[in-house]
Amino acid sequence: MRVLVAGATGLVGSALLPLLRARGHHVTAMVRDGSRTAEADEVVVADALDPVAVRLALRAARADVVVHQLTALRQMSADAMETTARLRTEGTANLITAAREAGTRKLVVQSIAFATAPLGGPVLDEDAPLHLDAPDPSWARTVQAVAELERLVLGTPDIAGTILRYGTLFGARTQYDPEGPFGARVGRGRMPLPEDAVGVTSFLHVDDAATAALSAVDSEVTGVFNIADDDPAEGAAWLPEYARMLGAPEPRVLDAEMAQRVLGWFTNHQLTAMRGASTDRARERLGWKPSVSWRRGLASG
Ligand SMILES: NC(=O)c1ccc[n+]([C@@H]2O[C@H](COP(=O)([O-])OP(=O)(O)OC[C@H]3O[C@@H](n4cnc5c(N)ncnc54)[C@H](OP(=O)(O)O)[C@@H]3O)[C@@H](O)[C@H]2O)c1
């Protein structure tokens with residue numbers, strides 16, 4: 001098949017290109033900087049927020065399947081969250097309009113597994129409600145953009161949609177790389193643990209995110225799938241274990257008020273309230289399974 005990957009230079013996108021080509025697909029990389037090489041059969045240049053450029057790119061690619069791996073999260077700034085929200089709403093709408101015009105049959109789109117409301121659990125499936133009314137405005141905006149992305153993709157007439165809700169990514173060049181922002185903080189003993197760290201994280205290695213996208217491209221099955229490792233873990237379990245893997249001191253335990261102040265809203269939420277993600281649906285219907293758990297890979301980059 002002809003497959004276009006938007007976000008081909010990203011962590012997941014660049015891991016996916018060789019997998020698609022090894023399966024015999026003809027791969028077009030959509031990049032915004034033509035000087036950046038991407039391991040693909042063809043390269044088209046477009047900023048995902050420029051609807052005209054996206055239409056021209058997709059018209060040239062004539063893709064059967066469009067894979068959307070666009071985020072701005074690598075920058076880890078407040079701006080990056082807002083840009084990512086725009087990529088999820090405007091960027092997705094641009095891709096869909098262009099894909100319909102170009103005769104694309106299927107969309108495979110990156111979403112997140114940890115946008116669920118912290119109700120029930122500790123591990124939730126794809127039918128759990130999203131945290132649309134999160135008390136933190138930046139997170140509420142993120143979750144609302146995720147909901148809009150999923151609504152747009154699943155509601156597109158004539159094009160089949162598969163949503164891959166990725167767990168918290170780890171692996172080389174992610175936040176959890178020992179050299180990445182989170183890893184370095186843990187490694188220096190600067191990531192404290194809230195006293196009630198019962199929040200559950202479902203991690204996902206970048207390479208497993210890519211194999212899930214490959215499964216989705218090749219499958220006739222559509223819908224929403226959580227994609228994560230087999231080992232959802234409470235903050236009280238994974239953070240001290242991660243510190244040990246890095247040879248760092250045991251995380252200092254803080255009371256709830258101090259933890260909120262030191263960690264910021266999102267990390268405190270992750271460690272105290274977040275729910276994990278069940279991957280039964282992806283195993284049963286997509287035939288995908290993860291190859292590595294955070295226990296083996298989290299500290300290895
Ligand atoms: N989901 C999570 O768990 C989570 C949460 C927070 C942070 N993170 C971090 O985010 C990263 C996630 O990896 P990823 O592969 O999803 O993202 P990524 O490595 O940031 O890749 C995003 C892709 O989108 C492209 N892109 C961004 N803006 C674009 C635009 N306007 N037009 C066209 N293309 C655009 C990028 O192109 P360029 O190469 O040109 O920029 C890149 O190819 C990791 O570093 C992870 O630690 C992840």
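These legends describe close-up views of one predicted model.

**View 1. Strand β1 sits inside the structure.** Strand β1 covers residues 2-6. Five of its five residues are buried, so the strand is largely enclosed by the rest of the structure. In a regular strand the side chains alternate between the two faces of the sheet. Look at each face of β1 in turn. R2, L4 and A6 lie on one side, and all are buried. V3 and V5 lie on the other side, and they are buried too. Both faces of β1 are therefore covered, with buried meaning under 20% relative accessible area.

**View 2. β1 pairs with β2 and with β4.** Which way do β1 and β2 run relative to each other, parallel or antiparallel? They run parallel, and five bridges join them. Strand β2 covers residues 26-31. Find L4 in β1, then look across to β2: the bridge partner of L4 there is T28. Strand β4, residues 65-68, also runs parallel to β1. Four bridges join β1 and β4. Two partners in β4 can be picked out. V3 has V65 as its bridge partner, and A6 has H68.

**View 3. A helix links β1 and β2 in a β-α-β unit.** The unit is made of β1, helix α1 and β2. Helix α1 spans residues 11-22. Which hand does this β-α-β unit have, right or left? The unit is right-handed. Helix α1 returns in the ligand view, where it supplies at least two residues of the shell around the ligand.

**View 4. Strand β4 is covered on both faces.** V65 and V67 are on one side of β4. V66 and H68 are on the other. All four of these residues are buried. β4 also pairs with β5, in the parallel sense, over four bridges. Follow V65 across to β5, where its bridge partner is K106. V65 is also the partner in β4 of V3.

**View 5. The ligand has a shell of 27 residues around it.** Which of these residues come nearest to the ligand? They are T9, L11, R32, A48 and Q175. By class, the shell has twelve nonpolar, ten polar and five charged residues. Helix α1, strand β5 (106-112) and strand β8 (168-170) each supply at least two shell residues.

**View 6. Backbone atoms of V12, A48 and Q175 come close to polar atoms of the ligand.** Start at V12. A polar backbone atom of V12 is 2.9 Å from an oxygen atom of the ligand. Move to A48. Here a backbone N or O atom lies 2.8 Å from a nitrogen atom of the ligand. End at Q175. A backbone N or O atom of Q175 lies 2.8 Å from an oxygen atom of the ligand. How much of the ligand's accessible area does the protein cover? On its own the ligand has 930 Å², and the protein covers 93% of it.

**View 7. Some backbone angles in the loops stand out.** The peptide bond from G121 to P122 is cis, with omega near 20°. P122 lies in the loop between β5 and β6 (123-124). D158 is not a glycine, yet its phi is positive, near 75°. D158 lies in the loop between α4 (137-154) and β7 (160-166). Is D158 buried or exposed? At 69% relative accessibility, D158 counts as exposed. R173 is not a glycine either, and its phi is about 70°. R173 lies in the loop between β8 and α5 (181-187). With a relative accessible area of 55%, R173 is exposed.

**View 8. Buried residues occur in helices α5, α7 and α9.** V186 is in helix α5. Its relative accessible area is 3%, so V186 is buried. The C-alpha atoms of V186 and F170 are separated by 14 Å, and these residues are 16 apart along the chain. In helix α7, residues 235-245, the buried residues include G235, W238, L239 and Y242. Just after α7, G247 takes a positive phi of about 70°. Helix α9 covers residues 265-272. Six of its eight residues are buried, so α9 is largely enclosed by the rest of the structure. The six are W265, T267, N268, H269, Q270 and L271.

Note on methods:
Residues numbered from 1 in each chain as written. Predicted model: local features only at pLDDT ≥ 70, side-chain atom pairs only at ≥ 80, totals over all residues. Heavy atoms only, no water. Buried < 20%, exposed > 50% of the residue type's maximum accessible area, 1.4 Å probe, protein only. Pairing = 2+ DSSP bridges. Right-handed = clockwise from strand over helix to strand, strands pointing away. Near = heavy atom within 4 Å. Polar contact = N/O pair within 3.5 Å; in protein donor to acceptor, adjacent residues only side chain to side chain. Areas by Shrake-Rupley, 256 points an atom, 1.4 Å probe, with all protein chains shown as cover. Nonpolar A, V, L, I, M, F, W, Y, C, P; charged D, E, K, R; others polar.
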